[in-house]
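Here is my note on the model, set out as numbered points. Please read it with the structure open beside it.

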Amino acid sequence: MSVRIYHNNRCSKSRATLALLEERGVVCDVVNYLDTPPSSAELMQLLDMLGMTPRELMRTGEAEYTELGLDDPSLDDTTLIAAMVSHPRLIERPIVVSNGRAAIGRPPEAVLSIL
């Protein structure tokens, strides 16, 4: 089983999710997405697997969200995805991918359903 986690080591939920997976013996491909952000195509694929819209995946409390005017409801999905690619801190975390499915580790146990 191949498991990938889009991880931010500074995030307590991300660390807790990774620890939960490791405790269960799951070997993960860890992607430090702040250093290696997903491309637009990867992000669209993740959104499809998550069943979410770009706006639903955005961290609205980040400074970039306000600074870039991303609260504007007229912005289209392409614009929101481009903002997340350029400013990966805007992407909700952690995202775990396994078996063609994805889940957000909030709470960390939420990812167990896709394993």
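**Notes on the predicted model**

1. N99 is placed in the loop that links β3 and β4. This is a predicted model, and the backbone at N99 deserves a look: phi is positive, about 55°, although the residue is not a glycine. Most residues other than glycine have a negative phi. The side of the question that concerns solvent is simple, as N99 is exposed, with a relative accessible area of 51%. The cut-off for exposed is over 50%.

2. How many helices and strands does the chain have? There are five helices and four strands, and their order along the sequence is β-α-β-α-α-α-α-β-β. The radius of gyration is 14 Å, close to the 13 Å that the globule rule gives for 115 residues, so the chain is as compact as a globular protein of that length. Along the principal axes, the C-alpha atoms fill a box of roughly 45 × 25 × 20 Å.

3. Of the 115 residues in the chain, 43% are buried. Among contacts with a sequence separation of 6 or more, 61% come from residues 24 or more positions apart. The exposed area of the chain is about 6000 Å², and carbon and sulfur atoms supply 48% of that area. As for charge, the chain has 11 positive and 16 negative charges, and the mean positions of the two sets are 7 Å apart.

4. Helix α2 covers residues 40–50, and its buried residues include L43, L46, L47 and L50. These four cover an arc of only 100° around the axis, which puts them on the same side of α2. On the face turned away from that buried side, α2 carries the exposed residues A41, Q45 and D48.

5. What covers the buried residues of α2? The cover includes the strands β1 (3–7), β3 (95–98) and β4 (101–104), together with the helices α3 (54–57) and α5 (77–86). After α2 comes G51, which has a positive phi near 70°. In contrast to N99, which is not a glycine, G51 falls outside the statement that most residues other than glycine have a negative phi.

6. Helix α5 can be described in the same terms. Its buried residues are L80, I81, A83 and M84. Seen down the axis of α5, they fall within an arc of 155°, so they line one face of the helix. T78 and S86 are exposed residues on the face turned away from the buried side of α5. The buried residues of α5 pack against α2 and α3.

7. Two cis peptide bonds should be checked by eye. One joins R93 and P94, with omega at about -15°, and P94 lies in the loop between α5 and β3. Another runs from R106 to P107, with omega near 0°, and P107 is found in the segment after β4. Most peptide bonds are trans.

8. Is G105 buried or exposed? G105 is buried, with a relative accessible area of 0%, and its place is in the segment after β4. Leaving aside neighbours within four places in sequence, G105 is in contact with K13, T17, P94 and V111. One of these partners, P94, takes part in the cis peptide bond with R93. G105 and I5 are 100 residues apart along the chain, and their C-alpha atoms are separated by 9.5 Å.

9. L112 also lies in the segment after β4. With a relative accessibility of 26%, L112 counts as partly exposed. Not counting residues up to four places away in sequence, L112 touches L20 and R24. From L112 to T60 there are 52 residues in sequence and 26 Å in space, C-alpha to C-alpha.

Conventions: Residues numbered from 1 in each chain as written. Predicted model: local features only at pLDDT ≥ 70, side-chain atom pairs only at ≥ 80, totals over all residues. Heavy atoms only, no water. Helix = DSSP H or I, 4+ residues; strand = E, 2+ residues; numbered from the N terminus. Rg over C-alpha atoms; globule rule 2.2 N^0.38 Å. Buried < 20%, exposed > 50% of the residue type's maximum accessible area, 1.4 Å probe, protein only. Contact = heavy atoms within 4.5 Å. Areas by Shrake-Rupley, 256 points an atom, 1.4 Å probe, with all protein chains shown as cover. Lys, Arg positive; Asp, Glu negative; His and termini not counted. Charge placed at Lys NZ, Arg CZ, Asp CG, Glu CD. Arc of directions from axis to C-beta.
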